[in-house]
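Work through the exercises below with the model open. Each task is followed by a solution in steps.

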Amino acid sequence: MRKYFLFYLVNFLLTPYLNAQQQISNFNYESPYIEEPSGFIEYNNQIIFEASPVETGRELWSTEKNSSTSTILKDVNEGKIDGLANYRLDFSSTTLNGNLFFIGADENSAGEIWKSDGTTGGTVKITNNLNGGFQKLTTVGNFIYFLRKPSEYILEVWKSDGTTSGTVMVKGDIPVWNRPTFQGKINNTFIFTNQIFSSNKVKVWRSDGTAEGTFPLTDAIDGNGSGVNPYDDQVGTAALSQYLEM
């Protein structure tokens, strides 16, 4: 008797959740190698995500909460060519002053900062001179920070207030062996790791948004191959494996 009661109780508790699930989109793909919709983020009473249907390539989509449909938010690169850089939206994007910022690639650039208020008309390109080389945007205080590699072994620290004129390089010509494996913050300070040239060791850096205030906090540290690269989830990198903001 006790088993039957447990079955009915579980069924009673789960039924509302099962009934609440509904399909909001059905994407058709020509290639089995195209990824399914991913990178879901909650923004301005919407769920914004990336999808790669045949007609548009990989672009920005959205659906209102409790809606039964989804629509393309912005065709950044018109036609079937992908308009989003190859970094998951939930990892690479950020918000500042109520707007969503993400990395978009159109016919003129391999990657620029884009801003969106959740509408098609309000989704616009902010920068025009970066042409890729960066993978993540991080909000620190009143600015967005990002690390850009203009060439294979050079790293630059940039910041942006969300405007074209307010997007500037903080410090350039930093030697780097591989792309940084961590970008984060503590209070109003930007924190990142930089792998030392021709080495498996890294240094932890900080930046307050000035060239003088951008410098390493540590000597070279060996990550012992225990790190996880957030860009491709591969283990065995030189990254330090844990960061906690306290």
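**Exercise 1: the β9 to β12 sheet**

Tyr145 stands opposite Lys159 in β11. This is a predicted model, in which local features need pLDDT of at least 70 and side-chain atom pairs count only at pLDDT 80 or more, while totals for chains, interfaces and linings use all residues. Residues are numbered from 1 along each chain as its sequence is written, and side-chain values use heavy atoms, with hydrogens and water left out.

Task: State how strands β10 and β11 pair, then place them in their sheet.

Step 1. Fix the terms. Strands (E, at least two residues) and helices (H or I, at least four) are DSSP runs, numbered from the N terminus. Two strands pair if DSSP finds at least two bridges between them.

Step 2. Take the pair. Six bridges join β10 (residues 143-151) to β11 (residues 154-160), in the antiparallel sense.

Step 3. Widen the view. The order β9-β10-β11-β12 makes an open sheet of four strands, with antiparallel pairing. Its edges are β9 (138-140) and β12 (167-175); each has a single partner strand, so one side of each is left without a neighbour in the sheet. From one strand to the next, the twist averages 30°. For such angles, axes are lines fitted to C-alpha atoms, for helices over the stretch in contact, and the angles run from 0 to 180 degrees between N-to-C directions.

Step 4. Follow Lys159 through space. Its C-alpha lies 9.8 Å from that of Asp208, although 49 residues separate the two in sequence. Asp208 sits in the loop between β15 (201-207) and β16 (215-216). Asp208 has a relative accessible area of 37%, so it is partly exposed. The classes are buried under 20% relative accessible area, exposed over 50%, and partly exposed in between (1.4 Å probe, protein chains only).

**Exercise 2: the β1 to β4 sheet**

Task: Which strands are the edge strands of the open sheet β1-β2-β3-β4?

Step 1. Read the order. Four strands, β1-β2-β3-β4, form this open sheet with antiparallel pairing.

Step 2. Pick the edges. β1 (38-43) and β4 (71-74) each pair on one side only. The twist averages 35° from one strand to the next.

Step 3. Check one pair. β3 (residues 59-64) meets β4 over three bridges, antiparallel. Within this pair, Trp61 stands opposite Ile72.

**Exercise 3: strand β7 and its partners**

Task: Is strand β7 mostly covered or mostly open, and which strands pair with it?

Step 1. Check cover. Four of the five residues in β7 (residues 112-116) are buried, and the strand is mostly covered.

Step 2. Take β6 (residues 99-104). It runs antiparallel to β7, joined by five bridges. Leu100 faces Ser116 of β7.

Step 3. Take β8 (residues 124-125). Two bridges link β7 and β8, again in the antiparallel sense. Here Lys115 stands opposite Val124.

**Exercise 4: salt bridges**

Task: How many salt bridges does a search of the whole structure find? Sort three of them by burial.

Step 1. State the rule. Side chains of opposite charge can pair when their charged atoms come close. A salt bridge needs a side-chain nitrogen of Lys or Arg within 4 Å of a carboxyl oxygen of Asp or Glu.

Step 2. Count. The search finds five.

Step 3. Take Glu50 and Arg58. Their closest N and O atoms are 2.2 Å apart. Both residues are buried.

Step 4. Take Glu156 and Arg148. The N to O distance is 3.1 Å. Glu156 counts as buried because its relative accessibility is 11%. Arg148, at 13%, also counts as buried.

Step 5. Take Asp90 and Arg88. They meet at 2.8 Å, N to O. Asp90 is partly exposed, at 35% relative accessibility. Arg88 is partly exposed at 44%.

**Exercise 5: the largest cavity**

Task: Which residues line the largest cavity, and what is its volume?

Step 1. Define it. On a 1 Å grid over the protein atoms alone, a cavity is a set of points where a 1.4 Å probe fits but cannot get out; lining residues have an atom within 4 Å of a point. Grid points are joined across faces, edges and corners, and a volume is the space filled by probe spheres set on the points.

Step 2. Size it. Two cavities of 30 Å³ or more are found. The largest has a volume of about 50 Å³.

Step 3. List the lining. It consists of Glu50, Leu84, Ala85, Tyr87, Arg88, Leu89, Ser92 and Ile103. Glu50 also forms a salt bridge with Arg58, and Arg88 forms one with Asp90.

Conventions. 1 Å grid on protein atoms, 1.4 Å probe; cavity = no way out; pocket = protein on both sides within 12 Å on 5 of 7 lines; lining within 4 Å.
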